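Colleague: I am new to this structure and would love a close look at a single part of it. Could you pick one strand and walk me through its surroundings?

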Amino acid sequence: MKEGGRIGKASALVGELLNLKPVLSLENQVIVPIAKTRGKNKALTAMIDKIKNDVGGDANQYYICIFHGGVEQEALEFKKQLEEAIAISNIEVMQLGICIGLHTGPGSIGLCYLDKRI
């Protein structure tokens with residue numbers, strides 16, 4: 001995020017030292033911070049909590065995709081955790097596109113879900 005100009009050098013340094021991982025959401029075309037966690041595992045847990053809160057017990061009514069920035073094995077492990085958490089098995093895993101990947105950097109993992117009824 002520092003490379004893309006999203007955060008300053010001081011914020012990036014503090015984030016690196018404390019191993020902070022931002023969890024962001026795109027809501028109504030606006031990026032909204034959901035959480036700042038210490039470590040990737042806590043960030044992934046925050047993402048699971050967010051989708052559980054948003055979809056409730058109706059996960060089959062959503063298209064769900066996990067995106068990764070060159071960390072396919074981590075994304076597949078996250079997929080297993082997510083499948084267990086929301087009881088669904090049709091989750092796609094894809095590599096991030098260049099536009100998003102440019103801003104998030106290598107090692108990023110993202111979660112996208114879209115209501116099929118819309």
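Modeller: Happy to! Please keep in mind that this is a predicted model. Let us start at one end of strand β3, where Y62 stands opposite D115 in β5. Strand β3 covers residues 62–68, and five of its seven residues are buried, so the strand is mostly covered by the cut-off of under 20% relative accessible area.

On one side, β3 is joined by seven bridges to strand β5, residues 109–115, and these two strands run antiparallel. Strand β4, residues 92–95, is also joined to β3, here by four bridges, and this pair runs parallel. For a residue to look at in that pairing, try C65, whose bridge partner in β4 is E92. To get from β3 to β4 the chain passes through helix α3, residues 72–86, and this β-α-β crossover is right-handed.

Now back to D115, the residue opposite Y62. The side chain of D115 meets that of R117 in a salt bridge, with 2.9 Å from N to O. Because its relative accessibility is 15%, D115 counts as buried. As a general point, side chains of opposite charge can pair when their charged atoms come close.

Helix α3, the helix of the crossover, is a good next stop. Within this helix, E83 and K79 lie four residues apart, about one turn of the helix. Their side chains meet in a salt bridge at 3.9 Å, N to O. With a relative accessibility of 22%, E83 counts as partly exposed.

Another salt bridge reaches out of α3: the side chains of E74 and K40 meet at 2.9 Å, N to O. Since K40 belongs to helix α2, residues 40–55, and E74 to helix α3, this pair ties together parts that are 34 residues apart in sequence. Both partners count as partly exposed, because K40 has a relative accessibility of 26% and E74 has one of 33%.

If you would like to look further afield, the structure holds six salt bridges. Some of them share partners, and in this way E27, K50 and D54 are joined into one network.

So, to retrace the walk: β3 is joined to β5 in an antiparallel pairing and to β4 in a parallel one, while the chain crosses from β3 to β4 by way of helix α3.

Notes. Residues are numbered from 1 along each chain as its sequence is written. This is a predicted model: local features need pLDDT of at least 70, side-chain atom pairs count only at pLDDT 80 or more; totals for chains, interfaces and linings use all residues. Side-chain values use heavy atoms; hydrogens and water are left out. Buried means under 20% relative accessible area, exposed over 50%, partly exposed in between (1.4 Å probe, protein chains only). Two strands pair if DSSP finds at least two bridges between them. A crossover is right-handed if, with the strands pointing away from the viewer, the path from the first strand over the helix to the second runs clockwise. A salt bridge is a side-chain nitrogen of Lys or Arg within 4 Å of a carboxyl oxygen of Asp or Glu.
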